[in-house]
Amino acid sequence: ARIVVAYTYDNEPVTVGMLKAQGAMAALLKEAIKPNLVQTLEHVPAFIHGGPFANIAHGCNSVMATKLALKLSDYVVTEAGFGADLGAEKFFDIKCRYAGLRPQAAVIVATVRALKMHGGVPKTALTIPDVQAVIQGAANLEKHIENISKFGVPAVVAVNVFPTDTDEELAAVKTICQQAGVPVAISNVWAEGGQGGLELAQAVLELADSGSARFAPIYSLDIPLADKVRTIAGEVYGAKGVVFTKEAEKTMAELERMGYGHLPICMAKTQYSFSDDANLLGRPQDFVITVRQARVSAGAGFVVMLTGDIMTMPGLPKFPAAEKIDVDKNGRITGLF
């Protein structure tokens with residue numbers, strides 16, 4: 001009923017509820033809205049329900065799927081996509097707030113390759129051993145660790161290993177985490193299945209059962225929209241300030257006049273950097289976030305802020321993957337991988 005479908009000539013929102021169409025829409029979605037129950041290769045149940053990208057949307061699965069899982073399991077693991085500056089922030093500030101969720105632990109996923117990239121190594125050279133680059137890229141991981149702690153949730157770092165990782169590089173990551181005061185576990189699930197995740201699972205269980213979580217969102221819903229953006233940019237991204245275009249300022253003022261000023265913020269920002277510039281890797285300093293446009297997602301219940309040159313339509317390849325897929329005369333499918 002809250003979904004905005006149009007605006008009047010006086011710039012007042014027209015909602016589905018005003019058109020009395022919410023019942024018909026609910027009837028269409030009655031079956032489709034149910035989460036899909038699937039299982040892993042090792043027969044662990046999982047609810048798959050929604051896949052919004054955290055760089056342009058909220059990055060979380062549905063509240064319905066999470067609450068179903070909580071009723072059926074002792075422990076529930078849910079993903080908040082992309083970096084913790086995007087997915088985790090939105091999970092905490094939007095989803096947990098609306099659903100009344102109280103997360104007990106967070107897993108920050110890191111790789112040697114990513115740390116080397118943040119340490120200045122080009123993508124073409126990430127398989128070459130370089131302990132010093134891992135150490136130089138540590139600032140990025142340290143900022144993510146700091147961010148999670150600001151929400152009052154204890155964290156463990158999961159290091160997803162690659163065959164090209166060396167013992168020295170993995171040891172450097174462990175040292176970085178120990179110096180940051182967080183537990184760290186090596187995860188080799190991709191190669192060994194559940195057996196490769198036992199160390200991580202044990203660390204997560206210990207954190208979740210410790211009772212040390214003191215979860216709280218990072219901003220109040222009572223402050224103006226612009227102040228919410230400034231809080232996210234300053235506390236989570238590490239920006240020194242926020243610049244709003246005239247268009248964004250005008251839209252925010254209109255949204256607050258319409259009664260949407262109490263909604264949480266969903267930032268649309270590049271996932272490659274804490275800033276809105278994909279080229280600023282590591283832990284950039286003295287940068288400014290530019291908000292060029294604001295949009296309300298009244299049905300979902302948040303205001304989207306578009307930063308930098310982010311596009312709300314995910315990027316597609318120059319040549320679609322479908323062009324490579326075929327079936328031979330023996331019925332064998334080719335081109336999937």
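**View 1. A nonpolar surface patch in the predicted model.** Leu28, Leu29, Ile33, Met64 and Leu68 together make a nonpolar patch of about 450 Å² on the surface of this predicted model. Two helices each supply at least two residues of the patch: α1, residues 22–29, and α2, residues 63–72.

**View 2. Methionine 64, a member of the patch.** Methionine 64 is one of the residues that make the nonpolar patch, and helix α2 is where methionine 64 is found. Its relative accessibility is 36%, so methionine 64 counts as partly exposed, a class that lies between buried, under 20%, and exposed, over 50%.

**View 3. The second largest pocket.** This pocket has a volume of about 470 Å³. Its lining consists of 17 residues, and those nearest the pocket centre are His58, Asn61, Ser62, Val63 and Ala300. Helices α2 and α3 (84–99) are the elements that give two or more residues to this lining. The largest share, 3 residues, comes from α3. Sorted by class, the lining of the second largest pocket holds 9 nonpolar, 6 polar and 2 charged residues. Helix α2 thus appears in two views: α2 supplies residues of the nonpolar patch, and α2 also gives residues to the lining of this pocket.

**View 4. Glutamine 179 and glycine 259.** Glutamine 179 is found in helix α7, which covers residues 167–180. The relative accessible area of glutamine 179 is 65%, and this residue is therefore exposed. Glycine 259 lies 80 residues from glutamine 179 along the chain, and the C-alpha atoms of the two residues are separated by 46 Å.

Methods. Residues are numbered from 1 along each chain as its sequence is written. This is a predicted model: local features need pLDDT of at least 70, side-chain atom pairs count only at pLDDT 80 or more; totals for chains, interfaces and linings use all residues. Side-chain values use heavy atoms; hydrogens and water are left out. Patches are made of residues with over 30% relative accessible area and no salt bridge: like charges are joined within 9 Å, nonpolar side chains (Val, Leu, Ile, Met, Phe, Trp, Tyr) within 5 Å. Accessible areas come from the Shrake-Rupley method with a 1.4 Å probe; for residues, only the protein chains shown count as cover. A salt bridge is a side-chain nitrogen of Lys or Arg within 4 Å of a carboxyl oxygen of Asp or Glu. Helices (H or I, at least four residues) and strands (E, at least two) are DSSP runs, numbered from the N terminus. Buried means under 20% relative accessible area, exposed over 50%, partly exposed in between (1.4 Å probe, protein chains only). On a 1 Å grid over the protein atoms alone, a cavity is a set of points where a 1.4 Å probe fits but cannot get out, and a pocket is an open set with protein on both sides within 12 Å along at least five of seven lines; lining residues have an atom within 4 Å of a point. Grid points are joined across faces, edges and corners, and a volume is the space filled by probe spheres set on the points. Ala, Val, Leu, Ile, Met, Phe, Trp, Tyr, Cys and Pro count as nonpolar, Asp, Glu, Lys and Arg as charged, and the others, Gly among them, as polar.
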